[in-house]
Each structure stands twice: as structure tokens, then as C-alpha cells.
Amino acid sequence: MLHLASQSPRRRALLARLGLPFEVVDVIVPEQRAAGEAAADYVARVAREKAGAGLHVVAPTAEALVLGADTEVVLDDEVFGKPRDADDAARMLGRLSGRTHQVISSVALVADGREAQATVVTEVTFERLDAATIAAYVASGEPQGKAGAYAIQGGAELFVSRIAGSHSGVVGLPLQHTAALLRGFGLEPRPFAAHEGA
């Protein structure tokens, strides 16, 4: 049975697109970057720790497969987590304005005695944002709870002048890479199953 170790509704919705049944297991994993730890290594480690924590919760069996994922926005080697408040969100957006940043998304799949992982780096370029646009977006409430203080699948898609990589990875789960990992564990995604015979 596939389990998703995530509290993110966006990640749950993305995984559901693959057409595989899964259950959600909530885990709490500290997201603290170690001194000197590369941003990509940090994101990959957190994804693995989430998957491992989820496997511990569901109890390792031959049938249990747990998916953990983490996504972070990175600019100038600074990891932009979720904003603490509106001022922090405005600060992040001001930093991202008119620049190209990276979104690192890592997926880890673990089972009893087996593990596989994929990490995807996507480049996202924002147009220059004026103070009024940033203030209006922050006031909408959308930046809260989002890495980098924006949702590419929401109002912030208007800010993106260029994207190179995985759009779903920026949202929170790189679907093409996730599907490939699942196939390696014998699960064949069926994203079009609901439309078969229509």
C-alpha cells in the first residue's frame, strides 16, 4: 500500500493525479538546514527523513511503501522557507523580484529494506514586482504556508516570465520523476484511468 508522508494538500492533490490509491500519514520532521549543508542536500535529506518517519508510523512490511517529499525555494544559496508573517512574505517576494531563483524538489520512496530518490531543480524567473503588487499579493493571504511566499499554481503565476524544469515540482511534487520512482517499485501510474471508455 502506498502512503504519502505529507501534510500538504497540494502534494496530496498532485499525487492523486497519478491514479493510484494511497493513504496519508502525518509526520513531523524538523526542517533545519545544517551548517555548511548544500541546499540540494538539505532538501533531499528532509524528503528522506519524512519518508522514513512515515514508514516507522505505518510499520515496515513488505507491502508498505512511503513517499516523502520536500520543496524549497533557493536564491543566492539562501533557502526561503515558509514566511513567518506578512512582512517576511513581502521581504521574500522583494528578493525574488526581477531575478531567477531555483526551486528544489526531492522525492523519496522507502519500503522495508529499500529506498529510491529523485531530486529536481527548476529555474523560475520573476518579472520585476512593484511594492503595490507585492502588498496586494501578500494581503490576499496566498503566500502564507508556501515556500518562497508564493504559489505558482495561484496568483503568482502572473509573476513568472520563464520556467525551466518541472512545473509540478514547483507546486510540490515533480510528477514525471515520481511516476518513474513508483514504476521502480512495481506500481504503474494510471493518470488517465478516469477517462478510459468515456
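1. In which strand is T122 found? In this predicted model, T122 belongs to strand β6, which covers residues 114-126. Its relative accessibility is 1%, and because anything under 20% is classed as buried, T122 counts as buried. Leaving out residues up to four places away in sequence, T122 touches H101, Q102 and V103 on the one hand, and I163, A164, G165, S166 and V170 on the other. For a reference distance, the C-alpha atoms of T122 and G154 are separated by 18 Å, with these positions 32 residues apart along the chain.

2. Turning to the overall fold, the protein chain contains six helices and seven strands, and from the N terminus on these elements follow the order β-α-β-α-β-β-α-β-β-α-β-α-α. The radius of gyration of the protein chain is 17 Å, close to the 16 Å that the globule rule gives for 198 residues, so the chain is as compact as a globular protein of that length. Along the principal axes, the C-alpha trace spans about 55 × 50 × 25 Å.

3. Two chain-wide values may be read beside those dimensions. Buried residues account for 46% of the 198 residues in the protein chain. If one takes the contacts between residues at least 6 apart in sequence, 65% of them join residues that are at least 24 apart.

4. As general background, nonpolar side chains in soluble globular proteins tend to be buried together. Here the largest nonpolar core has 42 residues, and those with the most contacts inside it are L67, L93, L109, F126, Y150 and L173. Strand β3 gives the most to this core, contributing five residues. Apart from the largest core lies another one, of 11 residues, which includes V29, A51, L55 and A108.

5. L109 deserves a separate entry, being among the residues with the most contacts inside the largest core. When its neighbours within four places in sequence are set aside, L109 is in contact with L2, with L65, V66 and L67, with R114, E115 and A116, and with L181, L182 and F185. The list thus includes the charged residues R114 and E115.

6. The largest pocket holds about 530 Å³ of space. Its lining is made up of 28 residues, of which S8, R10, R11, K50 and K82 are the closest to the centre of the pocket. Helix α1 (9-16), strand β3 (65-75) and helix α5 (167-171) each supply at least two residues of the lining, and the largest share, four residues, comes from β3. By residue class, the lining divides into 13 nonpolar, seven polar and eight charged residues.

7. Two backbone angles should be looked at when the model is inspected. Most residues other than glycine have a negative phi. D77, however, has a phi near 65°, a positive value in a residue that is not glycine, and A149 likewise has a positive phi of about 65° without being a glycine.

8. The surroundings of these two residues can be set side by side. D77 lies in the loop between β3 and β4 (78-80), whereas A149 lies in the loop between α4 (131-139) and β7 (160-164). Is each of them buried or exposed? D77 is exposed, because its relative accessible area of 52% is over the 50% cut-off, while A149, at 0% relative accessibility, counts as buried.

Notes
Residues are numbered from 1 along each chain as its sequence is written. This is a predicted model: local features need pLDDT of at least 70, side-chain atom pairs count only at pLDDT 80 or more; totals for chains, interfaces and linings use all residues. Side-chain values use heavy atoms; hydrogens and water are left out. On a 1 Å grid over the protein atoms alone, a cavity is a set of points where a 1.4 Å probe fits but cannot get out, and a pocket is an open set with protein on both sides within 12 Å along at least five of seven lines; lining residues have an atom within 4 Å of a point. Grid points are joined across faces, edges and corners, and a volume is the space filled by probe spheres set on the points. A nonpolar core is a set of buried Ala, Val, Leu, Ile, Met, Phe, Trp, Tyr and Cys residues joined through side-chain atoms within 4.5 Å. Buried means under 20% relative accessible area, exposed over 50%, partly exposed in between (1.4 Å probe, protein chains only). Contact means heavy atoms within 4.5 Å. The radius of gyration is taken over C-alpha atoms; the globule rule is 2.2 Å times the number of residues to the power 0.38.
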